[in-house]
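Let's go through this one together, question by question. Keep the viewer open and follow along.

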Amino acid sequence: MNKVYYMNNLFSISISTLLVVSSIPYSEIEQGFIENNASNIVLSSKDKLILNILGEEGVYSKTQSELILQNFFTKKPGNYFQFIFKGKETPEGTFAIGNYKSKSETFRVTLQFKPNSQDNYTLESLTIEKN
């Protein structure tokens, strides 16, 4: 009986851990940068997104953010993105850092996430700066 109880608890803990880990849309964002697809990236954002693209900062709606980010991809097309750091998930939020490579330049991408009411994280801010 103890083995069954132990295995059931271990299974529950494992499933819970998997759900927490997958609550941040890392793969969708990574794919968005690789494919230069701004809508994939903005899809996981709040209604308003803080964008800082090469020093141009503002708070934008999802639609505006998508246009601004797509403009960046048009000027700096690339096909490589990799997360180099993923912060610890806390009730206050978390952040991640990645590298995006265009044809001739490398950019540092910093993303900040905040928890929402569905126990997921949404993208709150995105910064792209020359590396």
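**Salt bridges, a pocket and a patch**

At 55% relative accessibility, Lys130 counts as exposed. Bear in mind that this is a predicted model.

Q: Which residue forms a salt bridge with Lys130, with the closest N and O atoms 2.9 Å apart?
A: We're after a glutamate that is itself buried, with a relative accessible area of 18%. It lies in the loop between strand 4 (94-102) and strand 5 (106-115), while Lys130 is in strand 6, so the pair ties together parts that are 25 residues apart in sequence. The partner of Lys130 is Glu105.

Q: Which residues are joined into one network by salt bridges that share partners?
A: Start from the pair Glu105 and Lys130, where the closest N and O atoms are 2.9 Å apart. Arg108 and Glu129 form a salt bridge too, at 3.7 Å between the closest N and O atoms; Arg108 sits in strand 5 and Glu129 in strand 6, so that bridge ties together parts 21 residues apart in sequence. The network made through shared partners, though, consists of Lys76, Glu105 and Lys130.

Q: Is Glu124 buried or exposed?
A: Glu124 pairs with Lys46 through a side-chain salt bridge (3.6 Å, N to O). Glu124 lies in strand 6 (residues 121-130) and Lys46 in strand 1 (residues 45-53), so the two link parts that are 78 residues apart in sequence. Lys46 counts as partly exposed because its relative accessibility is 32%. Glu124 has a relative accessible area of 19%, and the cut-off is under 20%, so Glu124 is buried.

Q: How many salt bridges does the structure hold?
A: Side chains of opposite charge can pair when their charged atoms come close. Examples here include Glu124 with Lys46 and Arg108 with Glu129. The total for the structure is four.

Q: In what order do the elements of the chain run from the N terminus on?
A: There are four helices and six strands to place. Helix 1 covers 2-21 and helix 2 covers 26-34, and strand 6 spans residues 121-130. Read from the N terminus on, the order is α-α-α-β-β-α-β-β-β-β.

Q: Which element gives the most to the lining of the largest pocket?
A: About 220 Å³ of space lies in that pocket, and its lining includes Ile53, Tyr60, Phe72 and Lys76. By type, the lining residues split into five nonpolar, one polar and three charged. Strand 2 (56-61) and helix 4 (62-75) each supply at least two of them. With four residues, the top contributor is helix 4.

Q: What is the area of the nonpolar surface patch made by Ile84, Phe85 and Phe95?
A: Take Phe85, one of the three, which is found in strand 3 (residues 78-86). Phe85 counts as partly exposed because its relative accessibility is 40%. Together with Ile84 and Phe95, Phe85 makes a patch of about 280 Å².

Q: How far apart in space are Ser23 and Thr122, C-alpha to C-alpha?
A: Ser23 is found in the loop between helix 1 and helix 2, and counts as buried because its relative accessibility is 7%. Along the sequence, Ser23 and Thr122 are 99 residues apart. In space, C-alpha to C-alpha, the distance is 8.9 Å.

Note on methods. Residues are numbered from 1 along each chain as its sequence is written. This is a predicted model: local features need pLDDT of at least 70, side-chain atom pairs count only at pLDDT 80 or more; totals for chains, interfaces and linings use all residues. Side-chain values use heavy atoms; hydrogens and water are left out. On a 1 Å grid over the protein atoms alone, a cavity is a set of points where a 1.4 Å probe fits but cannot get out, and a pocket is an open set with protein on both sides within 12 Å along at least five of seven lines; lining residues have an atom within 4 Å of a point. Grid points are joined across faces, edges and corners, and a volume is the space filled by probe spheres set on the points. Ala, Val, Leu, Ile, Met, Phe, Trp, Tyr, Cys and Pro count as nonpolar, Asp, Glu, Lys and Arg as charged, and the others, Gly among them, as polar. Patches are made of residues with over 30% relative accessible area and no salt bridge: like charges are joined within 9 Å, nonpolar side chains (Val, Leu, Ile, Met, Phe, Trp, Tyr) within 5 Å. Accessible areas come from the Shrake-Rupley method with a 1.4 Å probe; for residues, only the protein chains shown count as cover. Buried means under 20% relative accessible area, exposed over 50%, partly exposed in between (1.4 Å probe, protein chains only).
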